[in-house]
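Student: I am working through this model at the bench and would like a careful, close look at a single part of it, with enough of the surroundings to place that part properly.

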Amino acid sequence: MVEDPEQVAQPRADRLRTRRRAALAAGHRVVGTVRTPADARAFEALAGDAHARILDVTDHDAVDTVVDETERDLGPVDVLVANAGYGHDGLFEESSMDDLRRQFEVNVYGTVAVIKAVLPHMRERRSGHIIAVTSMGGLITMPGLSFYHGSKFAVEGILETLGKEVADFGIHVTAVEPGSFRTDWAGRSMSRAPRVIADHDELFEPLRARRIRGSGHQPGDPDKATAAVLRIVAADQPPTRLLLGTDALQLVQAGRDAFERDMPAWAELSASTDFDDVSRSA
């Protein structure tokens, strides 16, 4: 089962269909959730075992209904790919609480709702693979994306915990963390907060301009990302996390290195907060 993003510009929808073709070509039955009847017709016109369901992931009752009907009418959902989400580009001070609620409603609550709907079926069968597309932005941060990073950090924590809770049931959980891929994430799918505070101009204006200018020129190939996901679907022991793209590898490693420098530098202060009678191992 493949879960569509909440906000899909048409070129991105085309790419999603291309990725589903890869899953269909590999012999999988694919149930794709889409936003419009036109997208549903286009998806079901693909060669192979393709089935479309119209769904808004923010309608949690509808999510449960679609999953239960899929299980009843088409068979077990062995693999869930949850990729609902969109980006919010805006400084913390300039972004509204409504922006934050909307970001979490789609990126976090929508993703969680789909996983929760599928999970009982997988648990009963003692098998399954839950894959959620988060972002390298769930492990590192950049100015102007605080709400987006917050949503992706939240999903990362949920997935890591869930993986530990269901491992004994034969269920695998993988967070897929793409870097910059040639999709509409930074283009028409991006929500942008209006600029109102001049103090932030020097820092943020070049960053926003670079994101807009770079849309469509990112290094990541979505088709190769699809191939990578299909590879972990076929793995006996899939990873807990999978970074996609050389930029993701480099930036996440740099973030890890910075943390590794800070932790020992302040280790004495960190350890000083225990009660005096607590024994400390060397």
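Student: To begin with the whole, what percentage of the 282 residues in the protein do buried residues make up? After that, please look closely at arginine 241, in strand β9, and tell me what surrounds it.

Tutor: A word on the basis first: this is a predicted model, in which local features need pLDDT of at least 70 and side-chain atom pairs count only at pLDDT 80 or more, while totals for chains, interfaces and linings use all residues. Residues are numbered from 1 along each chain as its sequence is written, and side-chain values rest on heavy atoms, with hydrogens and water left out.

Buried residues make up 44% of the 282 residues in the protein, where buried means under 20% relative accessible area, exposed means over 50%, and partly exposed covers what lies in between (1.4 Å probe, protein chains only). The protein exposes about 14,800 Å², of which carbon and sulfur atoms supply 54%; such areas come from the Shrake-Rupley method with a 1.4 Å probe, and for residues only the protein chains shown count as cover. Its secondary structure comes to nine helices and nine strands, these being DSSP runs (H or I of at least four residues for helices, E of at least two for strands) numbered from the N terminus. Among contacts, meaning heavy atoms within 4.5 Å, those with a separation of 6 or more come to 70% from residues 24 or more positions apart.

Now to arginine 241 itself, which lies in strand β9 and, at 32% relative accessibility, counts as partly exposed. Once neighbours within four places in sequence are set aside, arginine 241 is in contact with Leu139, Glu156, Glu160, Ala175 and Glu177. Its C-alpha atom is separated by 9.8 Å from that of alanine 132, although the two residues are 109 positions apart along the chain.

One of those contacts deserves a separate description, since the side chains of glutamate 160 and arginine 241 meet in a salt bridge at 2.7 Å, N to O, a salt bridge being a side-chain nitrogen of Lys or Arg within 4 Å of a carboxyl oxygen of Asp or Glu. Glutamate 160 lies in helix α5 and arginine 241 in strand β9 (residues 241-244), so the pair ties together parts that are 81 residues apart in sequence. Glutamate 160, with a relative accessible area of 31%, is partly exposed. The pair belongs to a network of salt bridges that links Glu156, Glu160, Lys164, Glu177 and Arg241. As a general point, side chains of opposite charge can pair when their charged atoms come close.

For context, a search of the whole structure finds 15 salt bridges, and two others show what else the chain contains. Arginine 125 and glutamate 71 meet through their side chains at 2.8 Å, N to O, and this pair links distant parts of the chain, with arginine 125 in helix α4 and glutamate 71 in helix α3, 54 residues apart. Here arginine 125 is partly exposed at 30% relative accessibility, whereas glutamate 71 is buried, with a relative accessible area of 13%. Aspartate 201 also forms a salt bridge with arginine 195, the closest N and O atoms being 3.0 Å apart; aspartate 201 is partly exposed, with a relative accessible area of 34%, and arginine 195 is partly exposed as well, at 22%.

The nonpolar side of the picture completes the setting. A nonpolar core is a set of buried Ala, Val, Leu, Ile, Met, Phe, Trp, Tyr and Cys residues joined through side-chain atoms within 4.5 Å. The largest such core has 26 residues, and those with the most contacts inside it are Leu80, Ile130, Leu159 and Leu162. The elements that give two or more residues to this core are α3 (60-73), β4 (79-82), α4 (97-125), β6 (128-133), α5 (146-166) and β7 (171-178), with α4 giving the most, eight residues. A second, separate core of nine residues includes Val81, Val229, Leu242 and Leu244. To return to your residue, then, arginine 241 is a partly exposed position whose side chain meets glutamate 160 in a salt bridge.
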